[in-house]
Amino acid sequence: MDLKCIFSLAILVSQISLSSTQNVNVVIQGETSIGETDDNFVCATLDWWPTEKCNYNQCPWGKAGLLNLDLKKKGLINAIKAFNPLRIKVGGSLQDQVVYGVGGVKNCPNFMKNKDIKVTFGLNALLGRNRSQIEKGLWVGDWKSQNARDFMKYTISKGYKVDSYEFGNQLSGAGMGASVEAEQYGKDIVVLKNLVKELHPDPETQPKVLGPSGYYDEKWFNSFLEVSGHAVVDGVTHHIYNLGPGDDPNMITKIQDPSYLNQVAQTYKGVLNIVNKFKPQSGAWFSEFGGALHGGAKDLSPTFADGFWQTLIGGNYALLNTTTSIPNPDYYGALLWHRLMGSTVLAVTQESNPNLRVYAHCAKKKPGISIIFINLSKDSSFNVTLSNYEHQSRNSRSTDVTKPEFRGSKDREEYHLAALAGNIQGQIVFLILPTPISIAAHSIVYVTIRDFQAPACA
């Protein structure tokens, strides 16, 4: 199965300082692939934030909302072009309050600040429903699809290409301020799928249908996928904010604690198991993975989206500065990943230190492999040697062989990201190109080795 929009980047950048140095051997199994990612997996969102989102001095998101954003700004255009392509989701936070001014809709009121209204993502999945009189937060009734139909017909008439439609936002399980029962959600996403197929009959150009775009709840997800049936959901989307709210005073400690970060793996395994059970052809997508809730942590780079769908501009975890459109540190990490890391994932073993996180893919431009090293430690640096693991079978006998150190000196590209003066809460990042594979404290290193023999990448 495909693994969509994950293992994006870890941009906790970096302090190059006097620190202890450890020697680490990283073993890469280049013989077989352990999975695939979407080759255009770097994804960003343009949100519906209105001017009233919050005080500009605290969080100037309103200025970066889609309704107020200058889409002709040169810096914004150039930043997007650099990815070529960049998947952008248009919609965002207030999507379950959005009604498109097409078809029979005559009244399109502006967004107003309302403490009782939740913020959401994707197509409005609450249209036509009513609040339950029995259960707080539950919305009941069938989804009203007419506005979605009119909007799709409008985009078709204009010749706009839509990659996918995501149904609702954070309505699964207990929801985030609002919820819909799984069985009802499953029935309604079938309606959406049929609508997409009716208006886009050509399978080659037919937009994908994604859902449920909420927090993982095992019982809810099971029921939703069972009711929706096969060939309906093209990508099973879920949200992870494993760091909690962005104003947590312990945020700096959390993002440097590998044992804490590893806890999120259990959530993903749960989603993966359910997807393999009901929708193995669909794939598991992270449609929101920003680390910290409520716009991220102030004055702290998003740091390490081990898988993410990140805001393009606005909030504390955007790729671009809200006011100037100048790239934030995360932009460079995302761009390097996009240009260097291919879609084929390779197995990696490193048992020396949990603070050193390593991911290996086939290089995007063959031949060779590309590796990202992420050092979470503020005190330790690492000198890395690489070994190539092979599984060999001769005369019905199997042996595992780890080759000696691979130096890869013929054709190696390295990019080291490090923060100015070691300030990991700053907005300036250095790009350094040294010769040895040395991972400084609080740094990220991308390495591409062209002459590394990896049969899976042939």
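Aspartate 163 makes a good starting point: at 34% relative accessibility, this residue counts as partly exposed. Keep in mind as you look around that the model is a predicted one.

The side chain of aspartate 163 meets that of lysine 208 in a salt bridge, with 3.6 Å from N to O. Lysine 208 sits in strand E8 (residues 208-215), while aspartate 163 belongs to the loop between H2 and strand E7 (164-166), so the contact ties together parts that are 45 residues apart in sequence. Lysine 208 is partly exposed too, with a relative accessible area of 27%.

**Salt bridges**

How many salt bridges does the structure hold? There are five, and three of them are set out here, including the pair just described.

| Pair | N to O distance |
|---|---|
| Arginine 129 and aspartate 188 | 2.7 Å |
| Glutamate 198 and arginine 149 | 2.9 Å |
| Lysine 208 and aspartate 163 | 3.6 Å |

The pair of arginine 129 and aspartate 188 links distant parts of the chain, 59 residues apart: arginine 129 is in the loop between strand E4 (87-90) and strand E5 (130-131), and aspartate 188 is in helix H3. Are these two residues buried or exposed? Arginine 129 is buried because its relative accessible area is 4%, under the 20% cut-off. Aspartate 188 counts as buried as well, at 3% relative accessibility.

Helix H3 also carries glutamate 198, whose partner arginine 149 lies in helix H2, so this salt bridge ties together parts 49 residues apart in sequence. Glutamate 198 is partly exposed at 47% relative accessibility, and arginine 149 is partly exposed with a relative accessible area of 23%.

**The nonpolar core**

Now for the interior. The largest nonpolar core has 40 residues, and the members that touch the most others are Met152, Phe167, Leu171, Tyr185, Ile189, Leu192 and Phe224. Two or more residues come from each of helix H2 (146-158), helix H3 (182-199), H4, strand E9 (235-240), helix H7 (264-278) and strand E10 (284-289). H3 gives the most, with seven residues. In soluble globular proteins, nonpolar side chains tend to be buried together.

**A surface patch and a buried threonine**

On the surface, Glu135, Glu181, Glu183 and Glu226 gather in a patch of negative charge. Glutamate 226 lies in helix H4 (residues 218-228) and counts as exposed, at 56% relative accessibility.

Threonine 311, by contrast, counts as buried at 3% relative accessibility. Its place is in strand E11 (residues 310-311). The C-alpha atom of threonine 311 is separated by 9.1 Å from that of lysine 89, although the two residues are 222 residues apart along the chain.

Conventions
Residues are numbered from 1 along each chain as its sequence is written. This is a predicted model: local features need pLDDT of at least 70, side-chain atom pairs count only at pLDDT 80 or more; totals for chains, interfaces and linings use all residues. Side-chain values use heavy atoms; hydrogens and water are left out. Patches are made of residues with over 30% relative accessible area and no salt bridge: like charges are joined within 9 Å, nonpolar side chains (Val, Leu, Ile, Met, Phe, Trp, Tyr) within 5 Å. Accessible areas come from the Shrake-Rupley method with a 1.4 Å probe; for residues, only the protein chains shown count as cover. A salt bridge is a side-chain nitrogen of Lys or Arg within 4 Å of a carboxyl oxygen of Asp or Glu. Lys and Arg count as positive and Asp and Glu as negative; His and the chain ends are not counted. The place of a charge is taken as NZ of Lys, CZ of Arg, CG of Asp or CD of Glu. Helices (H or I, at least four residues) and strands (E, at least two) are DSSP runs, numbered from the N terminus. Buried means under 20% relative accessible area, exposed over 50%, partly exposed in between (1.4 Å probe, protein chains only). A nonpolar core is a set of buried Ala, Val, Leu, Ile, Met, Phe, Trp, Tyr and Cys residues joined through side-chain atoms within 4.5 Å.
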